[in-house]
There are 2 protein chains.
Amino acid sequence: MKKENSTIKVALIQQSKTADIAANRRRLEEEIRKAAAGGAALIVNQELHDSLYFCQNEDVDTFDLACDLTEGSGATELYSRLARELGVVIVTSMFERRAAGLYHNTAIVFDSDGSEAGRYRKTHIPDDPGFYEKFYFTPGDMGIKPVRTSLGLLGVLVCWDQWYPEAARLMALQGAELLIYPTAIGWQDTDPEDEKQRQREAWITVQRGHAVANGIPVIAVNRVGHEDDPSGASDGITFWGSSFVAGPQGEFLHLSPADREETALVDIDLHRCENVRRWWPFLRDRRIDLYGPLTRRYLD
Amino acid sequence: MKKENSTIKVALIQQSKTADIAANRRRLEEEIRKAAAGGAALIVNQELHDSLYFCQNEDVDTFDLACDLTEGSGATELYSRLARELGVVIVTSMFERRAAGLYHNTAIVFDSDGSEAGRYRKTHIPDDPGFYEKFYFTPGDMGIKPVRTSLGLLGVLVCWDQWYPEAARLMALQGAELLIYPTAIGWQDTDPEDEKQRQREAWITVQRGHAVANGIPVIAVNRVGHEDDPSGASDGITFWGSSFVAGPQGEFLHLSPADREETALVDIDLHRCENVRRWWPFLRDRRIDLYGPLTRRYLD
């Protein structure tokens, strides 16, 4: 991984969104420019950053938001251009229209020359009240593979993937140097306060656990602020922000606030990862002879 | 799982040990009796609770500590008898002599009638300065399977296993209702204070992560106190205690002190696990079609 003194500066852009996509993109561009001016080499955005989180209800008209993401379609031209102009790697998260009736939740990584370094289609798709993603997103069919960039191999996953140790491990086994999760997760406002805190803490903890188990830093970027439920069936979702970076022992390198926007610049020391894996060589001792049943749904 | 109001009371016995095995067992018996008197239905002991942690150096004479654990050998008669007399399930951790030159780190679970409910041989074996376990323990060959008891299915693993999400997942996929880790982990006294805290926190975090990823409570019982290095090559190990119970969202139900003995009684609400898995149905969405490569050492 390219690094000055083995350190890489990462930007996490945690924002609130409105229904005005052009305005969302303008505000995001401003923050990307600030992050680059601050020295960031890698800029990570939240999940579906161009729009509201539109999965609170099931509405066929919402598919109008999806974009053709084939080369040259223009949907991501802004981010490609910013990556090239600013000389940074940018991780984006888009609503992909692949064909009529076939949509994905897709992360595209632009390299610092503006070219597409690679993409990843979200593989684990949630579905629970307020997060009706199985209606919108076909489970990814590109596998779980890191994206090679000029900064190194990036293990880009998306939101619900973050609860799956299998996904993190597969990235680590393929040499990913960072785990990266664009996310949109929040509370139902009707949840009691202690339950809210348990949920937020669980979300942070399981991802810090991936950092520990794999000796690899984790970057999670979440949206923040309240969004109404268009159906009126619920009081909507308050996204809990709390974007963070954990080091290879799961230690916090940064934690953003839960209740407001922030563009954070965080230094990650990659040389430390090499050392942590020497101290705790978990990859050495995996009992691969016993892991076959992990490919089963349940062992009854 | 047998439970009154769906709650099970668990005891965690965190102790310091000496070279006097008879005295260690006497002191442990006292705590087991206290725990049962306090209402515990399940009593979990730390790793290798009968002795010092003897893996700080490699010494062939140390194999004298290992016990024949075939039925009727008498090595675990004390724990069988206590389980029957007190009507409790007891998780023990023993140094097993299976044959000349063939030893294991073996957990035996006694049911509340004193019978052996099942056993587990530690599968992931560490080896790093002060923890020379590959010298002493042959990797377990009994697979990763929960033990059926009158209290339910117990996912008993041992120490180094706790760093492996694969082991936790395999237990959950087989219906384990609790993850249980007898442990012996500590600091080299020469480590700086911030590194010590990162290590302890990582150890807690990765296991809380297993609780979250699987919607299952985790019980970890560690030893505490300083033990000298018999070789004199190091200043020895200070075991960091911090035994804990996490609920199915990874939330702390109990955390023992880092610097002294404690027998903790903790109530675990198993009905809550059923609910948490309904809210967060991670098992539903596993992409088992993509997990085959988890059986590979590395994907290069």
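1. Welcome to this predicted model. A good place to begin is helix H4(A), whose buried residues are Pro165(A), Glu166(A), Ala167(A), Ala168(A), Arg169(A), Leu170(A), Met171(A), Ala172(A) and Leu173(A). That makes nine of the nine residues in the helix, residues 165-173, so H4 of chain A is largely enclosed by the rest of the structure.

2. What covers these buried residues? Within chain A, the cover of H4(A) includes strand E7 (152-156), strand E8 (178-183), helix H5 (193-214) and helix H6 (270-279). Chain B takes part as well, with its helix H4 (165-173) and helix H5 (193-214) among the elements covering the buried residues of H4(A). After H4(A) comes Gly175(A), which has a positive phi, near 90°.

3. Two other residues of chain A deserve a look for their backbone. Most residues other than glycine have a negative phi. Leu48(A) is not a glycine, yet its phi is positive, about 55°. You will find Leu48(A) in the loop between strand E2 (42-45) and helix H2 (77-86) of chain A. Is Leu48(A) buried or exposed? With a relative accessible area of 2%, Leu48(A) is buried, the cut-off being under 20%.

4. The second of these residues is Ser242(A), again not a glycine, with a positive phi of about 60°. Ser242(A) sits in the loop that runs between strand E12 (237-240) and strand E13 (244-246) of chain A. Its relative accessibility is 0%, so Ser242(A) counts as buried.

5. Now turn to chain B, where three strands form an open, antiparallel sheet in the order E9-E12-E11. Strand E9 (186-188) and strand E11 (224-227) of chain B are the edge strands, each pairing on one side only. On average, neighbouring strands of this sheet are turned by 20° against each other, direction ignored.

6. Looking closer at this sheet, E9(B) pairs with strand E12 (residues 237-240) of chain B over three bridges, in the antiparallel sense. Trp187(B) stands opposite Thr238(B) in E12(B). Across E9 and E12 of chain B lies H5(B), running at about 155° to E9(B).

7. Lastly, the cysteines. How many disulfides does the structure hold over all chains? There are zero. Cys67(A), for instance, is in no disulfide, and the nearest cysteine sulfur, belonging to Cys55(A), is 14 Å away. Cys67(A) is partly exposed, at a relative accessible area of 24%, whereas Cys273(A) is buried, at 10%.

Note on methods. Residues are numbered from 1 along each chain as its sequence is written. Chains are lettered from A and ligands numbered from 1 in the order in which they are written. This is a predicted model: local features need pLDDT of at least 70, side-chain atom pairs count only at pLDDT 80 or more; totals for chains, interfaces and linings use all residues. Side-chain values use heavy atoms; hydrogens and water are left out. Buried means under 20% relative accessible area, exposed over 50%, partly exposed in between (1.4 Å probe, protein chains only). Helices (H or I, at least four residues) and strands (E, at least two) are DSSP runs, numbered from the N terminus. Contact means heavy atoms within 4.5 Å. A disulfide is a pair of cysteine sulfur atoms within 2.5 Å. Two strands pair if DSSP finds at least two bridges between them. Axes are lines fitted to C-alpha atoms, for helices over the stretch in contact, and angles run from 0 to 180 degrees between N-to-C directions.
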